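This report describes how selected helices and strands are arranged in the model shown below. Helix packing is treated before the sheet.

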Amino acid sequence: MAQQVASPPADLARVLTPEARAFVEDLTRRFRAPLAGLLAERAARQARIDAGTEQLAFLPETAAIRAGDWRVAPIPADLLDRRVEITGPVDRKMIINALNSGAQVFMADFEDSLAPTWENVIDGQGHLMDAVRRRIDYTDPKSGKSYRLDRKTAVLLVRPRGLHLQERHLLVDGTPAPASLVDFGLYLFHNAKELLARKTGPYYYLPKLQGHREARWWNDVMSHAEQQLGLPVGTARATILIETLPAAFEMDEILYELRDHIVGLNCGRWDYIFSVIKTLKAVPERVLPDRGQVTMAAHCMRSYTTLLIKTCHRRGAFAMGGMAAQIPIKGDDARNEAAIEKVRADKRREAGDGHDGTWVAHPGLVPIALEVFTGVLGGKRNQLDVMREDVQVTAADLLAVPEGTRTEAGLRHNIRVGIHYLAAWLTGNGCVPLYDLMEDAATAEICRSQVWQWLHNEVAVTMADGTDATLTDAAFRRMVTEEYAGIPAEVGEARFAAARYPEARDLFTELSTAAEFVEFLTLPAYPMLDTP
């Protein structure tokens, strides 16, 4: 039997029922070993790339799939219009506000915007059970304001955690269950039949896949889960985030493996940039410039997004745009309008390229994105008819290095964002507004991986005085000390004391200077959360 090994969250009894527990146990026992093999394949391939013995390329053994004439299963009716999607963690108030936001879709997130404390994970499942049944409400204990669902709400999608993560609070045969199976399984078990009765379905976003074999694993998981619950094949439907560099070379193959369950692909731009750094970290000539200079106008990013549109529409699948991380800025009209204009420009590019919809991080941005996409779509619900046959993308296009500079200012910004984010994450908050942007684990990953890449490739950085100097370990640690010293004045002494800033500083420094690159920052950070 699975064993609970942490103090019980409020919703534990109704979420982790004996029947739900048994369902997750079955998924774990059946699919844990194949998953371990896939993760071992990831590590082995990355070792070959690091050693220079393998180059990323379109797979010759799957050429027939790319050339074949096939399409994915028809898209469910309530997902045919996805022009604006809002994302956020499974906080009760957030769920209500997002479902009421005016967006067509809300992605409830157990992944990058959630710090996976046992309480957050279990109570999040309970909140979703209430949302599906339209009995969710919330009263703010400070203001007394009440929140309830409007008559018309967004379609609900759920993002489970990535394949690399475990749920240490739920043991199956003495070993932590894969977190992806816990999140996927509990939501499906409790809600699939209720959702079908309400003329919708159990819809998912699946993160951080690196290739079609991992897509095949997810297809097997969904097919088995449907069989166990007496559901028709294709009841569970998924949108896959193309947010790793290896996956960009296998988009056709991923669609093919999941063709009975998939509805589209999404350009997960921030994790994609992180993956570019991580995958090519050992190649000096592929060191990226400042994070802020890697824009969607860069050739490699344009190649990735337009290839995704062409690939999806050829197969009858949706091509979703990426996240606008800007948030409304109160008290400064000029800065706020500049931020809003960045969002407009980003969404004009996506809609003009042929994307079927896009992501925003804040309810205040929904009307902006909706206006842009509606203006392009006209009377249509999507752009599946935009085939983009003009797009021709090669491996060299996907691997092109963005132009730009590496600066001390960019380095210091990475340090501040990384420490701020980790301090919040360690206190249970995975979605953090910082410097007019909504930051999550993906953007924090860019910060620390970029520092690691610059340090280990001994790159020259343009310093504040205009000179160029090779970044050293000592110089980086000095900057960490200097930036950290300014945090109490920046956030206030009370907030500084309440968050786990010393641990965040030490973890960010350790990850940035480690001899071997740590694959995900959440792996060493996770044991630091609500210790049993």
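In this predicted model, helix H2 (residues 18-51) and helix H6 (residues 179-197) have axes that come within 9 Å and cross at roughly 135°. Angles over 145 degrees would count as roughly antiparallel, and those from 65 to 115 as roughly perpendicular; H2 and H6 are therefore oblique to each other. Their crossing is right-handed. On the H2 side, the contact is made by Glu19, Ala20, Phe23, Val24, Leu27, Thr28 and Phe31. H6 contributes Leu181, Val182, Phe184, Gly185, Leu186, Leu188, Phe189 and His190. By class, this contact of H2 with H6 holds eleven nonpolar, three polar and one charged residues.

A second helix pair is formed by H15 (residues 408-426) and H17 (residues 473-485), which pack at an angle of about 60° with their axes 10 Å apart. Because of that angle, H15 is oblique to H17. The crossing of H15 and H17 is right-handed. Glu408, Leu411, Arg412, Ile415, Arg416 and Ile419 make the contact from H15, while H17 supplies Phe476, Arg478, Met479, Val480, Glu482, Glu483 and Tyr484. The residues of the contact of H15 with H17 divide into seven nonpolar, no polar and six charged.

The report now turns to the strands. Eight of them close into a barrel in the order S2-S3-S6-S9-S10-S11-S12-S13, and the pairing is parallel. From one strand to the next, the twist averages 30°. Four of the pairings are set out in the table.

| Strand pair | Bridges | Direction |
|---|---|---|
| S2 (residues 84-89) and S13 (residues 357-360) | three bridges | parallel |
| S2 and S3 | five bridges | parallel |
| S10 (residues 237-242) and S11 | five bridges | parallel |
| S11 and S12 (residues 318-324) | three bridges | parallel |

Individual bridge partners locate these pairings in the sequence. Strand S2 is joined to both S13 and S3. Valine 84 has threonine 358 as its bridge partner in S13, and glycine 88 stands opposite alanine 108 in S3.

Strand S3 (residues 105-109) is mostly covered, with five of its five residues buried. In a regular strand the side chains alternate between the two faces of the sheet. From S3, Val105, Met107 and Asp109 point one way, whereas Phe106 and Ala108 point the other way, and all are buried. Ala108, the residue opposite glycine 88, thus belongs with Phe106 in this division.

How many residues of strand S11 are buried? S11 (residues 262-267) is also mostly covered: six of its six residues are buried. Bridges join S11 to S10 and to S12. Leucine 265 of S11 is the bridge partner of isoleucine 240, and asparagine 266 stands opposite methionine 320 in S12.

Helix H11 (residues 299-314) packs on the sheet and touches S10, S11 and S12. The direction of H11 makes about 170° with that of S11. Angles over 145 degrees count as roughly antiparallel, so H11 runs roughly antiparallel to S11.

How values were computed
Residues are numbered from 1 along each chain as its sequence is written. This is a predicted model: local features need pLDDT of at least 70, side-chain atom pairs count only at pLDDT 80 or more; totals for chains, interfaces and linings use all residues. Side-chain values use heavy atoms; hydrogens and water are left out. Axes are lines fitted to C-alpha atoms, for helices over the stretch in contact, and angles run from 0 to 180 degrees between N-to-C directions. Helices (H or I, at least four residues) and strands (E, at least two) are DSSP runs, numbered from the N terminus. Angles under 35 degrees count as roughly parallel, over 145 as roughly antiparallel, 65 to 115 as roughly perpendicular and the rest as oblique. A crossing is left-handed if the near helix is turned anticlockwise from the far one by less than a right angle, and right-handed if clockwise. Contact means heavy atoms within 4.5 Å. Ala, Val, Leu, Ile, Met, Phe, Trp, Tyr, Cys and Pro count as nonpolar, Asp, Glu, Lys and Arg as charged, and the others, Gly among them, as polar. Buried means under 20% relative accessible area, exposed over 50%, partly exposed in between (1.4 Å probe, protein chains only). Two strands pair if DSSP finds at least two bridges between them.
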